[in-house]
Amino acid sequence: MIDGPRVSPPAGTEVRSLVILLHGYGSNGADLISLAPHWRAALPATAFIAPNAPERCPGAPGGYQWWGLAGPGATSSRAEGAARAAPVLDAFIDQELARHGLSEAQLALVGFSQGTMMALQVGPRRRRQIAGIVGYSGMLADPAGLADPEITKPPILLIHGDADPMIPIAAFHLALAALEENGFAVESHLSRGLGHSIDMTGLQLGGAFLARVLG
């Protein structure tokens with residue numbers, strides 16, 4: 001079972017929504033939980049948690065991976081890797097919803113890089129539709145899977161830097177097109193001159209989106 005750092009609402013505040021933050025390859029939950037303070041004012045009754053991915057990342061001390069990209073245990077495709085990691089994240093989501101007495105309608109996923117791939121893999125495949133997904137600097141691991149008639153279609157916000165050297169901007173455009181073609185309501189933003197990172201505009205847009213979908 002995975003776990004990671006948490007930020008809870010102020011003492012005495014009832015938890016009314018949950019945001020699960022999914023970090024990128026070689027990073028950890030302590031990195032992505034740093035987004036929570038930027039969104040606290042807009043989401044005062046929201047609990048945030050950023051689990052460490054299930055596998056240690058070779059060559060990255062203190063880092064984790066959702067699936068391997070190289071070396072022993074590496075998968076042959078992104079789709080295979082995301083599908084393999086999905087049950088672990090699904091079980092974690094079930095656990096956290098039960099812990100707080102919440103439903104999928106009160107849950108949003110936020111991902112960065114490989115974490116965005118996981119959010120876009122798992123979020124639409126939940127049996128009940130979640131409130132929304134924010135994906136920073138990521139891509140779709142399995143575009144073909146969006147045609148599954150069982151898939152749900154939560155609102156999505158994609159944000160990407162147009163100078164990203166890790167996941168090229170072409171991946172952003174491909175994800176946007178595939179989601180729209182399959183009937184998703186997608187908002188998007190390109191951050192000019194930004195590399196593989198999140199800027200203040202991206203933070204503000206993400207916070208506004210989460211406040212809206214979590215109501």
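In this predicted model, the axes of H3 and H4 come within 9 Å and cross at roughly 75 degrees. That crossing makes H3 roughly perpendicular to H4. On the H3 side, the meeting residues are Arg 78, Ala 82, Ala 83, Ala 85, Ala 86, Leu 89, Asp 90 and Ile 93. On the H4 side, they are Met 117, Met 118, Gln 121 and Val 122. By class, the contact has nine nonpolar, one polar and two charged residues.

**The sheet**

Seven strands form an open sheet with mixed pairing. Their order is E1-E3-E2-E6-E7-E8-E9. The edges are strand E1 (6-7) and strand E9 (186-191), and each of these pairs on one side only. H4 packs on the sheet and touches E2, E6, strand E7 (132-136) and E8. The direction of H4 makes about 145 degrees with that of E6.

Strands of a sheet pair through backbone hydrogen bonds, either parallel or antiparallel. E2 runs parallel to E3, and four bridges join them. E2 also pairs with E6 in the parallel sense, over five bridges. E6 in turn runs parallel to E7, again with five bridges. The table lists bridge partners in these pairs.

| Residue | Partner | Strand of the partner |
|---|---|---|
| Ser 17 | Thr 46 | E3 |
| Val 19 | Ala 108 | E6 |
| Ile 20 | Leu 109 | E6 |
| Leu 22 | Gly 111 | E6 |
| Ala 108 | Gly 132 | E7 |

Ala 108 thus appears twice: Val 19 stands opposite this residue, and Gly 132 is its partner in E7.

**Two covered strands**

How many residues of E2 are buried? Six of its six are, and the strand is mostly covered. E6 is largely enclosed by the rest of the structure, because six of its six residues are buried.

In a regular strand the side chains alternate between the two faces of the sheet. E2 sends Ser 17, Val 19 and Leu 21 one way, and Leu 18, Ile 20 and Leu 22 the other way. E6 splits into Leu 107, Leu 109 and Gly 111 on one side, with Ala 108, Val 110 and Phe 112 pointing the other way. Both groups of E2 are buried. Both groups of E6 are buried too.

**Nonpolar cores**

The largest nonpolar core has 44 residues. Ile 20, Trp 66, Met 118 and Leu 158 have the most contacts inside it. Several elements give two or more residues to this core: strand E2 (17-22), strand E3 (46-49), helix H3 (78-100), strand E6 (107-112), helix H4 (114-122), strand E8 (156-161) and helix H5 (169-181). H3 gives the most, with seven residues. Apart from this core lies another, of 22 residues. Leu 21, Leu 43, Ala 108 and Phe 209 are among its members.

E2 supplies residues named in both cores. Ile 20 is listed in the largest core, while Leu 21 belongs to the other. These two residues point opposite ways from E2.

**Contacts around Trp 66 and Ile 2**

What does Trp 66 touch, not counting residues up to four places away in sequence? The list is Ile 2, Leu 22, His 23, Pro 51, Ala 53, Pro 54, Glu 55, Ala 85, Leu 89, Gln 114, Gly 115 and Met 118. Among these, Ala 85, Leu 89 and Met 118 also take part in the meeting of H3 and H4.

Ile 2 lies in the segment before E1. With a relative accessible area of 6%, Ile 2 is under the 20% cut-off and therefore counts as buried. Leaving aside neighbours within four places in sequence, Ile 2 is in contact with Pro 51, Asn 52, Ala 53, Pro 54, Trp 66, Val 88 and Phe 92. Pro 51, Ala 53 and Pro 54 are touched by Trp 66 as well. Tyr 136 is 134 residues from Ile 2 in sequence and 22 Å from it in space, C-alpha to C-alpha.

**A buried charged residue**

Where does Glu 104 lie? Glu 104 sits in the loop between H3 and E6. Is Glu 104 buried or exposed? At 7% relative accessibility, Glu 104 counts as buried. Leaving aside neighbours within four places in sequence, its contacts are Leu 97, Arg 126, Arg 128, Gln 129, Ile 130 and Ala 131.

Key
Residues are numbered from 1 along each chain as its sequence is written. This is a predicted model: local features need pLDDT of at least 70, side-chain atom pairs count only at pLDDT 80 or more; totals for chains, interfaces and linings use all residues. Side-chain values use heavy atoms; hydrogens and water are left out. A nonpolar core is a set of buried Ala, Val, Leu, Ile, Met, Phe, Trp, Tyr and Cys residues joined through side-chain atoms within 4.5 Å. Buried means under 20% relative accessible area, exposed over 50%, partly exposed in between (1.4 Å probe, protein chains only). Contact means heavy atoms within 4.5 Å. Axes are lines fitted to C-alpha atoms, for helices over the stretch in contact, and angles run from 0 to 180 degrees between N-to-C directions. Angles under 35 degrees count as roughly parallel, over 145 as roughly antiparallel, 65 to 115 as roughly perpendicular and the rest as oblique. Ala, Val, Leu, Ile, Met, Phe, Trp, Tyr, Cys and Pro count as nonpolar, Asp, Glu, Lys and Arg as charged, and the others, Gly among them, as polar. Two strands pair if DSSP finds at least two bridges between them.
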